[in-house]
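Here is my notebook from an afternoon of looking things up. Pull up the structure and follow along with me.

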Amino acid sequence: MSAELALIGPILAAMLAAATPLLFAALGELVVEKSGVLNLGVEGMMLVGAVCGFAVAVQTGSSTLGFVAGAAAGAGMAALFGVLTLLLLANQVATGLALTLFGVGLSALIGQGFVGIPIADVPELYIPGLTDLPVIGKALFGQDALVYLALAAVPAVHWFLYATRKGLILRAVGENHAAAHALGYKVIRIRFLAVLFGGAMSGMAGAFLSLDYTPMWAEGISSGRGWIALALVVFATWKPGRVLLGAWLFGGVTIAQLHVQGLGIDIPSQLLSMLPYLATVVVLVVISRDVARIRLNAPASLGKVFHPDA
Amino acid sequence: MTLLRLEPRGEASRAMVYATPLLAVALTLASGFLLFWAMGFDPVKALHAFFIAPLLSLRGLGELAVKATPLVLCAIGLAIGFRANVWNIGAEGQLTLGAITGGGLALAFYGEGGWWLLPLMIVAGMAGGALWAAIPAFLRVRFNASEILTSLMLNYVALHLLNYLMHGPYRDPDGFAFPESRLFEADAVLPLLVAGTRVHLGSLFALLAVAAGWFLMARTFIGFQIKVIGLTPTAAGYAGFNQKKIIWLTLLLSGALAGLAGLGEVAGPIGQMNPTISPGYGYTAIIVAFLGRLHPVGILLAGFLMALSFIGGEAAQIALGLPKAITGVFQGMLLFFLLATDVLIRYRVRFGAKGIVGRAAA
């Protein structure tokens with residue numbers, strides 16, 4: 001096997017891992033936006049999920065409990081957002097920003113005793129035969145369970161949204177909340193559940209970062225991934241399958257940034273670190289140019305306040 | 001929702017517009033009391049150290065003005081944009097760029113400055129911030145890309161750019177590889193306004209920005225257009241108001257003000273370039289803008305309150321060993337409570353089952 005070919009496996013594996021947090025967070029946000037709610041607090045929910053997941057895993061010694069705690073913490077943050085925007089009718093953009101600012105502070109506060117503490121790596125999957133396959137074996141069949149869970153979430157979310165009655169109702173609420181309300185659907189309850197799901201997914205994304213990807217706790221560990229996930233939803237024009245494509249693309253850019261120097265190309269590392277953010281801007285621009293397509297796919301009630309008596 | 005109902009008011013309550021920020025501050029203090037208590041600190045002592053002690057000395061009051069300056073400068077610009085539904089979240093990056101361009105001049109003319117250097121740095125700082133804000137403006141107007149996401153991404157890009165400069169071109173040649181620039185010379189430093197404090201000329205610029213922002217919004221046709229576009233974009237369209245022009249104007253204006261804030265930091269209290277120019281002024285300014293009701297005078301007051309949270313956080317860290325991160329928690333809580341209580345402006349809280357449905361809110 002040639003040296004170049006031997007690199008494909010590890011690069012593919014690293015790309016899949018880098019895509020996983022984006023996949024979790026973006027799929028969650030996609031469901032939220034499909035219900036007509038815009039939650040800009042993904043970054044904040046991710047950070048709180050990351051620190052709570054890490055803290056619980058350190059205390060209990062169980063990474064599984066850590067992931068559960070991360071999801072619960074993300075959902076808790078989302079509940080705060082839900083109460084403010086759905087029950088108290090606060091502006092969704094402003095509340096989402098508040099959620100991120102609050103999450104940055106809260107995660108640093110909770111995490112201050114956990115900086116620099118090592119944690120046991122989450123064991124990787126091993127399937128005799130398949131994992132031993134040359135080149136792609138370790139990448140495709142030797143990842144952590146969470147990587148597969150994120151991948152499985154793509155068809156699951158698609159199936160829920162487009163093949164179940166509940167998914168149809170959720171989309172109806174996102175398209176026209178007044179009509180859905182008139183038909184007797186509980187708009188606020190449905191949206192609240194969607195927001196909670198989005199929060200749990202963001203929390204998982206955070207817990208994956210602190211327990212598995214890095215694995216450690218550092219302030220601001222998500223470094224903008226929550227915002228990139230938001231951009232991914234626009235890139236995907238609210239379609240789960242395209243979220244996967246986008247997440248791989250960004251996973252690829254993240255990994256490329258790490259490998260460019262290894263290839264002997266002399267660019268300062270600080271400038272390379274800009275790549276994922278610049279790529280996000282470029283992708284947003286390319287996709288947003290098509291105004292008709294965005295209009296066609298974006299939920300019509302996205303970001304609008306709903307009050308049954310008004 | 002059956003026991004507690006929200007009933008739309010006939011018209012927005014003027015009294016509540018002024019009452020809810022005070023209510024939000026009161027609720028934040030109450031939550032802070034509980035938070036300190038839960039963390040095992042004496043809540044009265046902690047709140048005193050946080051919010052009262054910094055106000056009791058001239059030096060403390062001076063620091064308050066120093067910290068409020070960048071917050072007010074950024075928030076005035078952001079608020080004008082928010083009024084027009086232009087969501088510039090990139091003040092942090094624009095501030096950083098202002099420091100990079102303005103501060104870069106101070107380093108470029110090191111040893112050969114003159115009276116002209118400081119005005120030039122101010123212009124360069126404002127231009128740098130405006131240039132950084134022009135990117136999301138262009139992408140929004142030309143390609144319809146969300147300015148929320150593009151301006152935010154550029155915050156990270158700006159931070160990495162600063163980091164690169166501090167490890168390369170901007171680094172002090174005699175600084176033993178430390179990522180800090182030379183100390184600015186006297187020609188490149190903003191003059192102090194009050195002896196015995198660090199209050200500098202930038203604070204005067206912030207006051208000017210408050211006055212100019214008020215004049216723009218309350219007394220000019222542009223300000224009127226901004227407000228109409230924000231409230232009813234369709235009506236603005238019928239009236240023939242140029243939405244694209246307003247997007248450009250509000251973004252360039254807030255970028256220039258944020259750039260001025262960044263230049264004010266490096267040419268003021270910091271006096272050199274380093275990788276940590278701002279403890280998140282650009283983000284906190286979002287809270288300042290909302291807390292000030294998007295009104296310049298309100299922003300001035302809110303700027304002082306948020307500045308107090310920064311200083312109080314540092315003071316409490318020194319006096320009681322409280323973690324510094326608590327500042328961010330307080331700031332986030334304050335914005336939450338404000339957004340939550342704002343419901344009272346347009347709705348009445350009613351107890352009991354549903355009665356007669358109120359008139360639709362305006």
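**Entry 1: a nonpolar patch**

I began at the surface, where B:Leu58, B:Leu193, B:Val194, B:Leu204 and B:Leu207 make a nonpolar patch of about 430 Å². My patch rule takes residues with over 30% relative accessible area and no salt bridge, joining like charges within 9 Å and nonpolar side chains (Val, Leu, Ile, Met, Phe, Trp, Tyr) within 5 Å. A salt bridge here is a side-chain nitrogen of Lys or Arg within 4 Å of a carboxyl oxygen of Asp or Glu. Areas are from the Shrake-Rupley method with a 1.4 Å probe, and for residues only the protein chains shown count as cover.

I noted that this is a predicted model, with pLDDT of at least 70 needed for local features and 80 or more for side-chain atom pairs, while totals for chains, interfaces and linings use all residues. Residues are numbered from 1 along each chain as its sequence is written, chains are lettered from A and ligands numbered from 1 in the order written, and side-chain values use heavy atoms, leaving out hydrogens and water.

I placed B:Leu58 in helix 3 (residues 58–83) of chain B; helices are DSSP runs of H or I with at least four residues, numbered from the N terminus. Why does B:Leu58 count as exposed? Its relative accessibility is 52%, and the bounds are under 20% for buried, over 50% for exposed, and partly exposed in between.

**Entry 2: aromatic rings**

I searched the whole structure and got 18 aromatic pairs over all chains. In one of them, B:Phe221 and B:Phe224 are stacked because their ring centres are 6.1 Å apart and their planes are at 25°. The rule pairs rings of Phe, Tyr and Trp (its six-membered ring) with centres within 6.5 Å, calling planes under 30 degrees apart stacked, over 60 edge-to-face and the rest tilted.

Both residues sit in helix 8 (residues 221–231) of chain B, 3 residues apart, so about one helical turn separates them. B:Phe221 is exposed at 52%, and B:Phe224 is partly exposed at 43%. B:Phe224 also pairs edge-to-face with B:Phe241, with centres 6.2 Å apart and planes at 75°. That pair links distant parts of the chain, 17 residues apart, with B:Phe241 in the loop between helix 9 (233–238) and helix 10 (243–270) of chain B. B:Phe241 is buried at 13% relative accessible area.

**Entry 3: a serine**

I finished in helix 12 (residues 296–320) of chain B, where I found B:Ser309. B:Ser309 is buried, at 4%.

Methods:
Helix = DSSP H or I, 4+ residues; strand = E, 2+ residues; numbered from the N terminus. Buried < 20%, exposed > 50% of the residue type's maximum accessible area, 1.4 Å probe, protein only.
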